[in-house]
Amino acid sequence: GNGYTTRAAVLVSRYALERGAARVFLRADPENVGSCRVAEKAGFTREGVLRSAHWNERLGRRQDWAIYSLLPVEYVAPRQTLRAPLELDEYDEGWPALYAREETRIRGALGDRVVRLEHTGSTSVPGLAAKPIIDICLEVADTRDEAAYAADLEAAGYSLVLREPGWYEHRLFRATDPTVHLHVFPAGCEEVARMLAFRDHLRADAADRELYERSKRELIGRDWEYMQDYADAKSAVVADIMRRAVA
């Protein structure tokens, strides 16, 4: 009733795309707002509604289905498997300064083409253990217009890693020394607003901050083929905390 089944289907869909599927289709009850929002937040595009003559006795109504589709991720750089177990570092008070350095570099490269720039991810939450990766969200006018920003970011030391046309037209750039994941979204993207709500909630709520760290520690020691697999495994606790963050 709250989209949990859809959330599991989203993870399976991403797994299929990462391993060669050309496209994935997902169905959700169009009257289940939670399920539909999960699909939409995950980047699925609603293709229409499949009308059905089937009567669902439990629901007391006809069982129609909203049909969603998801395009594959376009990897610009070859995807690399993890060569060693992931590790969490205790919170480092130097992380905000590293972000500030990267902010200067990005603004210097793009100038007024920066619509919004924010430090996100666990390194943006004081007191929270994290992988030592500076996550940054950048909004530009239109991520599809890569000519307007990509070359200048690459000249500043950021390498384009992937495109996700099915997930808010997201682009991921990486840099090293320090390791930076630069997430580029179009202006006004609701996913950025959700990321910031999650960050700000963790900054303010000690109980959820401890819950999130405890969950990460339980997962970090497992064997993961890709870093995204670890990120996907956190989806349940992230969704739980996110409900409180956006309330």
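Two strands count as paired if DSSP finds at least two bridges between them. Keep that in mind as you click through this model, which is a predicted one.

**Stop 1: the sheet**

Select β1 (24-28) and strand β5 (residues 65-70). Five bridges join these two strands, and they run antiparallel. Now highlight leucine 26: across from this residue, in β5, stands tyrosine 68.

Add β2 (45-50) to your selection. You now have an open sheet of three strands in the order β1-β5-β2, paired antiparallel. Which strands sit at the edges? They are β1 and β2, each of which pairs on one side only. Turn the view a little: ignoring direction, neighbouring strands in this sheet are turned by 25° against each other on average.

**Stop 2: a salt bridge out of the loop**

Next, show the side chains of glutamate 31 and arginine 61. They form a salt bridge, with the closest N and O atoms 3.3 Å apart. Glutamate 31 is in the loop between β1 and α2 (33-41), while arginine 61 belongs to strand β4 (residues 61-62), so this pair ties together parts that are 30 residues apart in sequence. Is each partner buried or exposed? Glutamate 31 is exposed, at 56% relative accessible area, whereas arginine 61 counts as buried, at 18%.

**Stop 3: more salt bridges**

The count for the model comes to 23 salt bridges, so pick out a couple more. Try arginine 144 and aspartate 142, whose side chains meet at 3.1 Å, N to O. Arginine 144 is exposed, with a relative accessible area of 56%; aspartate 142 is partly exposed, at 27%.

Then select arginine 163 and glutamate 146. In this salt bridge the closest N and O atoms are 2.5 Å apart. The pair links strand β9 (residues 159-164), home of arginine 163, to the loop between β8 (134-140) and α4 (150-155), where you'll find glutamate 146, 17 residues apart. Arginine 163 is partly exposed at 23% relative accessibility, and glutamate 146 is buried at 17%. Add Glu74, Glu169 and Arg171 to see the network of salt bridges that links them with Glu146 and Arg163.

**Stop 4: two crossing helices**

Finally, select helix α5 (residues 190-204) and helix α6 (residues 206-220). They pack at an angle of about 110°, with their axes 6 Å apart. That makes α5 roughly perpendicular to α6. To see the contact, show Phe198, His201, Leu202, Arg203 and Ala204 on α5, plus Ala206, Asp208, Arg209 and Tyr212 on α6. Colour them by type and you get five nonpolar, one polar and three charged residues.

Technical notes. Residues numbered from 1 in each chain as written. Predicted model: local features only at pLDDT ≥ 70, side-chain atom pairs only at ≥ 80, totals over all residues. Heavy atoms only, no water. Axes fitted to C-alpha atoms, helices over the stretch in contact; angles between N-to-C directions. Helix = DSSP H or I, 4+ residues; strand = E, 2+ residues; numbered from the N terminus. Parallel < 35°, antiparallel > 145°, perpendicular 65-115°, else oblique. Contact = heavy atoms within 4.5 Å. Nonpolar A, V, L, I, M, F, W, Y, C, P; charged D, E, K, R; others polar. Salt bridge = Lys/Arg side-chain N within 4 Å of Asp/Glu carboxyl O. Buried < 20%, exposed > 50% of the residue type's maximum accessible area, 1.4 Å probe, protein only.
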